Amino acid sequence: MNMITTLTGSNSFLIHAEAKKKVQVFLAEHGDMGLERLDGEDAEYDRLREALESLPFLASKKLVVIKNAAKNKEFVERADKLLADVAETNDVLLIESKLDKRSGYYKYLKKSTDYHEYNELDGLGLAKWLVSEAKIAGASLGQSDAMYLVDRVGVNQLMLSNELKKLIMFNPAISRESIELLTERTPQSTIFELLDAAFSGQTKKALAIYEEQRALKVEPIQIIAMIAWQLHVLAIIKTADNKSPDEIARSAKLNPFVVKKSQRIANQLSPMELKALVKRVLDLDIALKSISIDADEAIKNLIFELGN
């Protein structure tokens, strides 16, 4: 009996990790002579069909891995019959970066294959994932410290995975102290903290964060760009009516954690205040790029204005 598995969703990190695991399990049992990889976007339909229907060569089992078969029009149109005719000796792994959920192809895959959808995790989901990964590696990481790591490093799972490995190598009993010692706050996380402090009236803290970034050689123009990105997120939230954070994240292609984290600031601003702030930052960005001004002084004045 063959197995046809579908991996899809917006979380490319988890999809890649699961696909790698399945391939490694197959190789350990059957060797690489039975593994065949194809790209549905580049391969002709007949080549895909031949891979699925032909018997394994010098192996008892075959695994056909097809990436983005949804981009092959003929494959999609014939998928139900084609996949039903897969040789009994062949397993199939379909990796789809994007599926149209209105299509018959999507409905077929969900109903007739071992279907797994991996979407972006929010902050809590990332923290739980980090705790689980640490446990699998024989290390310990508390939920609150895992959340602190997400706040500090950001929502990129590959980066979080790499930082976790580094922390485990240093000391399997991961603590907040080791997180602060071995990791650096990402610029976006830092700029969010700067804005949060400024809007909360903690001007001194906001200015200290700015000075810290300058000491790390982050240029004023980069800081303005990151502030502009945060304002973009705030504008999306502010104009989303009564949508939930997850709905906002899906429609705007943002991580749910970023949306939930930014809502507190968005709630402090009226639409008119946000519009005025966007114009203020745009004018400053143009000035920094077109005329000679003291960039540090200009941005410090902006931070001061945010807190007053």
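1. In this predicted model, P172 is partly exposed, with a relative accessible area of 42%, and its place is in the loop between α7 (157–170) and α8 (176–182). Leaving aside residues up to four places away in sequence, P172 touches G138, A139 and S140. From P172 to E297 the C-alpha to C-alpha distance is 44 Å, with the two positions 125 residues apart in sequence.

2. The largest nonpolar core has 40 residues, and those with the most contacts inside it are L194 and L195. At least two residues of this core come from each of α9 (187–199), α10 (203–215), α11 (220–238), α12 (245–252), α13 (256–268), α14 (271–290) and α15 (295–306), with α11 giving the most, 9 residues. L194 touches A206, I209, Y210 and I303, when residues up to four places away in sequence are not counted.

3. A second, separate core of 30 residues includes L63, L130, L141 and Y148. Y148 also has the charged end of R176 over its ring, 4.2 Å from the ring centre.

4. The count of aromatic pairs comes to 3. One of them joins F13 and W129, whose ring centres are 5.5 Å apart and whose planes stand at 85°, so the pair is edge-to-face. Because F13 lies in helix α1 (residues 12–30) and W129 in helix α5 (residues 123–136), this pair ties together parts that are 116 residues apart in sequence. W129 is buried, with a relative accessible area of 12%.

5. Y106 and Y115 form an aromatic pair that is likewise edge-to-face, at 5.9 Å centre to centre and with 80° between the planes; both Y106 and Y115 are buried.

Definitions and conventions:
Residues are numbered from 1 along each chain as its sequence is written. This is a predicted model: local features need pLDDT of at least 70, side-chain atom pairs count only at pLDDT 80 or more; totals for chains, interfaces and linings use all residues. Side-chain values use heavy atoms; hydrogens and water are left out. A nonpolar core is a set of buried Ala, Val, Leu, Ile, Met, Phe, Trp, Tyr and Cys residues joined through side-chain atoms within 4.5 Å. Buried means under 20% relative accessible area, exposed over 50%, partly exposed in between (1.4 Å probe, protein chains only). Helices (H or I, at least four residues) and strands (E, at least two) are DSSP runs, numbered from the N terminus. Contact means heavy atoms within 4.5 Å. Rings of Phe, Tyr and Trp (its six-membered ring) pair if their centres lie within 6.5 Å; planes under 30 degrees apart count as stacked, over 60 as edge-to-face and the rest as tilted. A charge sits over a ring if NZ of Lys or CZ of Arg is within 6 Å of the ring centre and within 35 degrees of the ring normal.
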